Amino acid sequence: MTKSVYVLPGDNIGPEIISEGIKVLEAVNERLDLGIEVRYGLIGGHALDVSGDPCPPETLIEARNSDAVLLGAVGGPRWDDCEREMRPEKGLLRIRHALNLFANLRPVIMYPQLITASSLKPSLINDLDILIVRELVGGIYFGEPRGFRILESGEKEGFNTLKYSELEIRRVGKIAFEAAMKRGKRLCSVDKSNVLEATILWRQVISDMSAEYPDVSLSHMYVDNAAMQLVREPSQFDVIVTGNMFGDILSDISAMLTGSIGMLPSASLNEKAFGMYEPCHGSAPDIAGQNVANPLATILSVALLFRYSLGVPDAAFVIEDAVGKVLDRGFRTLDILTDDTTLVSTSEMGSAVIEELKVTK
Ligand code: IPM
Ligand code: MG
């Protein structure tokens, strides 16, 4: 049966990196004769400009009718003064929520070729391979009530709500335990249960679940300590599971361990393995339109899309292997450029990956 991928390029560097991701997807599609159909839609600031809504209803309908969504990046200073509900980032949060993509997988893998691009000593990041499982449709990002109010003193106050239900914790916990089973069998749950009730429950539920996964060794860590441990001794981690906001922060820290956030892909999944795939980085307005952005996080997101939503794991390996070969050849975009390597543009990087794709029918 024909599979369809719905593509949402978004804003700033979004369209540039998406073109390279799609170039790779189409090359694999053609060479393996997979018959994948690619359709395009609107999200973020671009959608707001064209349709007056950063997440138009057609985008949700088309996304639901697809097997997977590939998204570039959203946002930029151009839309900073928009009404809160109309900001491009709201469009991204709305599609994640509407599709119930509660499990955000962010693999943090060190390519040995980039070891000198990292800000940490090589001895600390050799063989780094962490999977962050971030809860994506709950927590303080979505908790109600939220908003602004005027206090009796006449002062304005902004407020948000952090809450997690047992169901919300269990379903993302299940994904994390199962991922740990397939990897190093170590799961670290990150919370702030010395202060926050929602995360006291988080710790209890995850602890209770560990009886169902006797082979996984479970540990717990407060988020402040986890941030420190990630830069002190990152190799102690295998799988990390955490809530929405802590996961947002810890995944940016982890990205830098690998040299650049331009290398980090992500998969956001619901319980049926329907997924939306996006690089972890933002829309980088400062370098938009210059053909200098790193497309590898998007290309690696395409690999995850083949693995988790299209059921073609071989294609994922082939793409990941090609990325390694391109780095072996010394090709680097600006963000990962070091001495003795060759600067390439966004589109040259995409073409180099295609040259290294070892797929034949
Ligand atoms: C991410 C981003 C988003 C988030 C922003 C753009 C809303 O930082 O995917 O990590 O906070 O989730
Ligand atoms: Mg983030």
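## Exercises: strand pairing in a predicted model

The model is predicted. Start with one residue pair: Val-190 has Thr-242 in S10 as its bridge partner.

**Exercise 1.** Find the strands behind this pair and state in which sense strand S8 and strand S10 pair.

*Solution.*
- Step 1. Strand S8 covers residues 186–191, and strand S10 covers residues 239–242.
- Step 2. S8 and S10 pair in the parallel sense.
- Step 3. The pairing runs over 4 bridges.

**Exercise 2.** Describe strand S4 (residues 103–109): how many of its residues are buried, and which strands does S4 pair with?

*Solution.*
- Step 1. Apply the cut-off: buried means under 20% relative accessible area. By that test, 6 of the 7 residues of S4 are buried, so the strand is mostly covered.
- Step 2. Take strand S5 (residues 129–135). S4 and S5 pair in the antiparallel sense over 7 bridges. Within this pairing, Arg-106 stands opposite Ile-132.
- Step 3. Take strand S11 (residues 267–269). S4 and S11 run antiparallel, joined by 3 bridges. Here Asn-104 has Ser-268 as its bridge partner.

**Exercise 3.** Place these strands in the sheet and explain why strand S2 and strand S9 are each left without a neighbour on one side.

*Solution.*
- Step 1. Write the order: S2-S1-S3-S12-S11-S4-S5-S10-S8-S9. The sheet is open, has 10 strands and shows mixed pairing.
- Step 2. Look at the edges. Strand S2 (37–40) and strand S9 (217–222) stand there, each with a single partner strand, so one side of each has no neighbour in the sheet.
- Step 3. Add the twist. From one strand to the next, the twist averages 25°.

Conventions: Residues are numbered from 1 along each chain as its sequence is written. Chains are lettered from A and ligands numbered from 1 in the order in which they are written. This is a predicted model: local features need pLDDT of at least 70, side-chain atom pairs count only at pLDDT 80 or more; totals for chains, interfaces and linings use all residues. Side-chain values use heavy atoms; hydrogens and water are left out. Two strands pair if DSSP finds at least two bridges between them. Helices (H or I, at least four residues) and strands (E, at least two) are DSSP runs, numbered from the N terminus. Axes are lines fitted to C-alpha atoms, for helices over the stretch in contact, and angles run from 0 to 180 degrees between N-to-C directions. Buried means under 20% relative accessible area, exposed over 50%, partly exposed in between (1.4 Å probe, protein chains only).
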